[in-house]
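User: I'm new to reading protein models and would like a close look at one part of this one. Could you take me through the salt bridges and the strand residues around them, and then show me how that part sits in the rest of the chain?

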Amino acid sequence: MSYKVKSNLKNKIKRGAAVSFAALLIAGSLYGCSAGTTDNSGSSDTSSTAVSTTGLSLNADDMFTDRDLDYSYDESTAVSVTLADNASTASGSGVTVDGNTITITAEGVYVFSGTLTDGQIVVDTDNAKVQIVLNGVSITNSSSAAIYVKEADKVFVTTASGSENSLATTGEFVQTDDNNVDGVIFAKSDLTLNGAGSLTISSASGAGIVSKDDLKLTGGTVTITAASHALEGKDSVRIADGTYNLTADKDGIHSENTDDAEAGFVYIGGGTINITASGDGIDAEYILQLDGGTVNVTAGGGARNADTVAQQMGFGNYTANGTETDEETASTKGIKSDTVIIINDGTVSLDSADDALHTDGDVYINGGSVEIASGDDGIHADADVNIAAGSVNINYSYEGIEGQAITISGGDIIVHASDDGLNSSGGNDSSGYGGGMMQDEFASVDGCVITISGGTLFVNSDGDGIDSNGDIAISGGEIYVEGAENGGNAAFDFNGTADISGGTIIAVGYSSMAQNFTTASQGSMLVTLSSTQSEGTVSLTGGSGNELASYTFDKSFNSVLISTPDIEEGATYTLTAGSESQSIEMSSLIYGSGSGMGMGGGMQGGGMQGGMGGRP
């Protein structure tokens, strides 16, 4: 289906197939510091500037040091360590060998090669910086970390250019001291991974890489398969460059620090990150900020693995036969932050069983490209969602964009939703897991508002198209809405007031819940057709026959809401919808009041009608 306005803007939207609640029960389906020179040298550029959207945003210049990014080393002055079972050797001082345990005790650069079938590299220094270069290394440990940083100021693990390396923990972790070692690479200090080689990590019972301070990754190719989190940094996880293929039974990337309110953040400035996680793709307790790179996430088996019955009906967790369980549902979100999500640039593709973008605070999208398939909300913020630029394509969701306040000032946005397209509702996530029928009030909710001043927005929904439990204010942009093919939902729905002072909107749906703007400084008409139209084009022409706007649809409807800056009071226009045409005389700036009854947040907006409408 295509959309056309005076600017000849065109786009395509695929309509999701609705699945009835009864059919789901029958089928039993649940969706639910440079160090000299060497031949093995390289560097990575991570120049990016964060757009300041909130006082919580991160400064890219503070994320990495020169030595984080420059993984060169002087091989002629480094200590060479050759690994072999019970026969490891070192070319210099600062390292001791005790059977298959190799311990680094002094600051310096150490180049490792060879194999240990059940061994370990330990770093135990007094506030020193250590660089471990892996140049064809294979280390397996049956019960602890392959590389264990017990004490240091900072450790760099560098993969030599062109080298292939592997580290694995094959059994349960057995603790030998006061540190809870639970990763194949485990560091009590700051830890940086860089280089131009490859590293494969396997963890049978724990995490892949763990730092109890900052974890930074700036180069190389790293592949991790882990029974817990793939990458874990207590204070932060920061990625500048490189390729990371992460498979985790918990989160792909996890940062959490309950002792420091300004720690526990994830920053991505570049690189390619591919995540398959049984839990969340990326989980940050504090800030989650993307300034570049490519991020691909599949979380919880993807959108089509969502628990449909539990999400739609809000009765808790269910087995395939509809029996309720007491089991707590694991978090399976694409990208999650407790505080704020900021996307300034980059390419993001998310396929998640639960919300794709989720935060207990605010979401800011200031650029980049975001592609979403979600078993619940495409984008959810307990507070505000702000989209200023970039491309957002929510091609599969229960509710498309949900937040207390939704502000769109730019960007190209496409939303497919089996319930509401945009929903300003406020508070905790209520549309999916843990949500319930009839949970929203009919009255206007303070703080709930949808504000659109620019950009292009396309909505295809099986619930309400644009739904505010409070107010709507439109002053610019281009908005096209295909609402539900039933009378229990509206293409345009609000509980408070709705004002239009600029921009173009064409919304089609059914007349029983249709609403017009309450105030306008440009013409707005709500037209009920004499017959239901199934396929065709909505177009508006002026008295001289000039086309002011048009919209080509593939859903049935009998109601059209249209407003453009070209509609003036006192003029007459012709509205054509499919096979029907009507002459509209604008005796005032608002033509047609509709019968929506201010029920935007009630039954049709997340309760009975939306819940029964099925998922795409």
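Analyst: Here is a walk through the salt bridges, followed by the rest of the chain.

A quick word on the ground rules. This is a predicted model, so local features need a pLDDT of at least 70 and side-chain atom pairs count only at pLDDT 80 or more, while totals for chains, interfaces and linings use all residues. Residues are numbered from 1 along each chain as its sequence is written, and side-chain values use heavy atoms, with hydrogens and water left out.

Let's start with the salt bridges. The term stands for a side-chain nitrogen of Lys or Arg within 4 Å of a carboxyl oxygen of Asp or Glu. Searching the whole structure turns up nine of them.

One of these joins Arg 238 and Asp 214, whose side chains meet at 3.4 Å, N to O. This pair ties together distant parts of the chain: Arg 238 is in strand S19 and Asp 214 in strand S16 (residues 214–217), 24 residues apart. Strands here are DSSP runs of E with at least two residues, helices are runs of H or I with at least four, and both are numbered from the N terminus.

Are these two partners buried or exposed? Arg 238 counts as buried because its relative accessibility is 8%, and Asp 214 counts as buried because its value is 15%. The cut-offs are simple: buried means under 20% relative accessible area, exposed means over 50%, and partly exposed is in between (1.4 Å probe, protein chains only).

Now look at Ser 236, which is also placed in strand S19 (residues 236–239). Ser 236 counts as buried because its relative accessibility is 0%. Its side chain joins that of Arg 238 in a polar contact of 2.8 Å. A polar contact is a pair of N or O atoms within 3.5 Å; within protein, one must be able to donate a hydrogen and the other to accept it, and residues adjacent in sequence count only if both atoms are side-chain atoms. So what else does Ser 236 touch, leaving aside its neighbours within four places in sequence? The list is Asp 213, Asp 214, Leu 215, Ser 255 and Phe 265, where contact means heavy atoms within 4.5 Å. Asp 214, the salt-bridge partner of Arg 238, is thus also in contact with Ser 236.

Next comes the pair Asp 68 and Lys 154, with a salt bridge of 2.7 Å, N to O, between their side chains. Here too distant parts of the chain are linked, with Asp 68 in helix H2 (residues 66–69) and Lys 154 in strand S10 (residues 154–159), 86 residues apart. Both of these residues are buried.

Another salt bridge, at 2.8 Å, N to O, brings together the side chains of Asp 280 and Lys 336. Asp 280 sits in the loop between strand S23 (272–277) and strand S24 (282–284), Lys 336 is in strand S28 (residues 335–337), and the two distant parts they link are 56 residues apart. Asp 280 and Lys 336 are both buried. Salt bridges with shared partners also join Asp 68, Lys 154 and Lys 216 into one network.

Now for the rest of the chain. The protein chain has four helices and 50 strands, and 58% of its 616 residues are buried.

Two loop residues give you something on the outside. Asn 127, in the loop between strand S7 (120–124) and strand S8 (129–141), counts as exposed because its relative accessibility is 55%. Asn 86, in the loop between strand S2 (79–83) and strand S3 (89–90), is exposed with a relative accessible area of 65%. Phi is near 55 degrees for Asn 86 and near 55 degrees for Asn 127, a positive value in a residue other than glycine.

Finally, how far can you lean on the model? The average pLDDT, the predictor's confidence in each residue from 0 to 100, is 85 for the protein chain, and 81% of the residues score at least 70. Over residues 1–53 the pLDDT is below 50, though this stretch has 146 contacts in the model beyond near neighbours in sequence. Residues 597–616 also have a pLDDT below 50, with 92 contacts beyond near neighbours in sequence.
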